[in-house]
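Thank you for making time for this at group meeting. I would like to take you through one model, and I will keep to what can be read from its coordinates.

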Amino acid sequence: MSNSLKEKATRGMLWSAVDRFAAQGTQFIISIVLARLLMPEDFGLIGMLTIFITLSQSFVDSGMGSGLIQKKNRTDVDFSTVFLFNIGVSLFFYLVLYFSAPLIASFYDRPELIILTRVLSLNIIINSLAIVQRSRLSINVDFKTFAKVNTLSIVISGAIAIGIAYKGFGVWALVAQNLLNAGISVILFWWFSRWTISLKFSSNSFKQLFSYGSKLLIASLYSRSLNEIYNAVIGRVYSAESLGFYTNAKKLSDATAFTITSILQQVTFPILSSLQDDKDRLVSVYSRLIRMTAFFIIPLMTLFALLADPFIRLLLTDKWEAAIPLLQWLCFARIVTPISAVNMSILNAVGRSDLFLKVDLSKLPMIVIALIITIPLGVKAMVIGSVVTSLISFFINAYMPGKLFGYGAFRQLRDILPVILSTGIMAIVVYLSIFFIDLEFLKLLIGGITGILFYILISYFLKLDELGEVLIILKKLKKS
């Protein structure tokens, strides 16, 4: 990697990390406060609607935001075309959900979902107003602005939501948080981007961008459907309370795994796209990303699984006890998620969204079979099934990149084996260090400190290159 590109990637990675950790850290604290103030059923009601709103938002973007990033010679007409398309589709899907609200409420047998659907679905329209701005910032690797926008919107919306929850408005605190977060983000993105709309729509531009984005749309609909189908099934077959336990456990596990995933995807997609014509440099950056991802995600998710019990009991209180085993299993399911995301991201970066779609669809039979087997056995069984499918999906996701670039699953496993070994030793030490401790606070404190220190120490003795790179970055930050 050239010095200029490396500097650009490092700067982007750092600001993206600041963005995600500041935003997610703030959201993490807000979620804990809301979980203490609200009941699991409140979170379950929102979880019931997630699949409908998420799928609608997939149609609104239609992969065209990624198409703007991937395209080499984009114009103002391209941006305006995508903007107008986003607005039109968002209005259409809001109306669909508005009039479908009684059917959704009937499906779950929860009449209160009618008004909740109609209000929460406004998010679809609000979010569509900033898709182009997000793409423009990603193209310029300007994640400093992302950090400002996301952190401010989360702090303001979260503070208001906590006040509403404290006043006893229940689920409406979560609705307010969602809408305010989206609305404030849109205002700030427009303020910082200073983009002038031309209101021009080009059919040629649309065809070109949609040709690329349509494959991503299908893949997004497919992956999000499978991801959110758990919410729909748990809410329909079991109860809003059971869904509340699952959604909060999922949210906590995702806070770590998907923070790292989003940092990597946000930065690496434009960087890898710029290298799509230089295979050697592309593969070099790609392999380093796999190793660096594993260096962070494997120990973090393992440590979180080990400390899930004291974490839930201390911070969320015993009313969330049923979420503990779900969180532990979901942590293990998320271990390979960021690595799989890098494997899939490189296909998009080189313009092979068709392969991205084929790889994603190839996992459908396995996931459907897992659901059919586990649904009658309970929520915990469903989560354990997702662990198995996640591990198998890693090999499927790595197959095509291995075929195209010679860096498949087994080469990746060989490269990250030292990280797996370091994590295994750390896990044993942490387990023994908290085994005889009764106080939840001490378990969390001692387990966390012990895990981090031992992992760094073991990585140092094994001379992991990734630790050296992290230290170099920290030195640069200190000097700056």
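What follows is a walk through one helix, its surface and buried sides, and then some ring pairs and salt bridges.

Please keep in mind throughout that this is a predicted model, and that the residue numbers I use count from 1 along the chain.

Let me begin with helix H20, which covers residues 440-461. Its 22 residues should span 32 Å at 1.5 Å a residue, and because the C-alpha atoms at its ends are 31 Å apart, the expected and the computed values agree. Just after H20 comes Lys 463, whose phi is positive, at about 55°.

Which residues of H20 are buried? They are Lys 443, Gly 447, Gly 448, Thr 450, Gly 451, Tyr 455, Ile 458 and Ser 459, a list that includes a lysine as well as three glycines, Gly 447, Gly 448 and Gly 451.

H20 also takes part in a nonpolar patch on the surface, made up of Leu 314, Leu 439, Phe 441, Leu 442, Leu 445, Ile 449 and Leu 453, which together have about 630 Å² of accessible area. With five residues, H20 gives the most to this patch. One of the patch members, Leu 445, lies in H20, and it counts as partly exposed because its relative accessibility is 39%, which falls between the 20% and 50% limits.

From here I turn to the aromatic residues, where the count comes to 18 pairs. In one of them, the rings of Phe 295 and Phe 296 have centres 5.4 Å apart and planes at 85°, so this pair is edge-to-face, the angle being over 60 degrees. As for how these two residues are covered, Phe 295 is buried at 5% relative accessibility, whereas Phe 296 is partly exposed at 35%.

Phe 295 also pairs with Tyr 455, again with ring centres 5.4 Å apart, but here the planes are at 45°, so the pair is tilted. This second pair links distant parts of the chain, since Phe 295 sits in helix H12 (residues 279-306) and Tyr 455 in helix H20, 160 residues apart. Tyr 455 is itself buried, with a relative accessible area of 7%. Elsewhere, ring pairs join Phe 28, Phe 304 and Phe 311 into a cluster.

Now to the charged side chains, where the count comes to eight salt bridges. Which partner does Glu 41 meet in a salt bridge? That partner is Arg 110, with 2.5 Å from N to O. The pair links distant parts of the chain, with Glu 41 in helix H2 (residues 40-61) and Arg 110 in the loop between helix H4 (76-108) and helix H5 (113-120), 69 residues apart. Glu 41 is partly exposed at 34% relative accessible area, while Arg 110, at 18%, is buried because the cut-off for that class is under 20%.

A second salt bridge joins Arg 291 and Asp 415, whose closest N and O atoms are 4.0 Å apart. Here too the chain is bridged between distant parts, from Arg 291 in helix H12 to Asp 415 in helix H19, 124 residues apart. Asp 415 is partly exposed, at 24% relative accessibility.

Let me stay in H19 for a moment, for this helix (residues 409-434) also holds Leu 413. The C-alpha atoms of Leu 413 and Arg 291 are separated by 9.3 Å, although the two residues are 122 apart along the chain. Leaving aside residues up to four places away in sequence, Leu 413 touches Phe 394 and Phe 395, and its relative accessible area of 27% makes it partly exposed.

The last salt bridge I will show is between Arg 313 and Asp 318, with the closest N and O atoms 3.5 Å apart. Both partners are partly exposed, Arg 313 at 25% relative accessibility and Asp 318 at 49%. Salt bridges that share partners join Asp 309, Arg 313, Asp 318 and Glu 321 into one network.

To close, I would come back to H12 and its two links: Phe 295 in this helix pairs with Tyr 455 in H20, and Arg 291 in this helix pairs with Asp 415 in H19.

Key
Predicted model: local features only at pLDDT ≥ 70, side-chain atom pairs only at ≥ 80, totals over all residues. Heavy atoms only, no water. Helix = DSSP H or I, 4+ residues; strand = E, 2+ residues; numbered from the N terminus. Buried < 20%, exposed > 50% of the residue type's maximum accessible area, 1.4 Å probe, protein only. Contact = heavy atoms within 4.5 Å. Expected span 1.5 Å × (residues − 1). Patch = residues over 30% accessible without salt bridge, like charges linked within 9 Å, V, L, I, M, F, W, Y side chains within 5 Å. Areas by Shrake-Rupley, 256 points an atom, 1.4 Å probe, with all protein chains shown as cover. Phe/Tyr/Trp six-rings, centres within 6.5 Å; stacked < 30°, edge-to-face > 60°.
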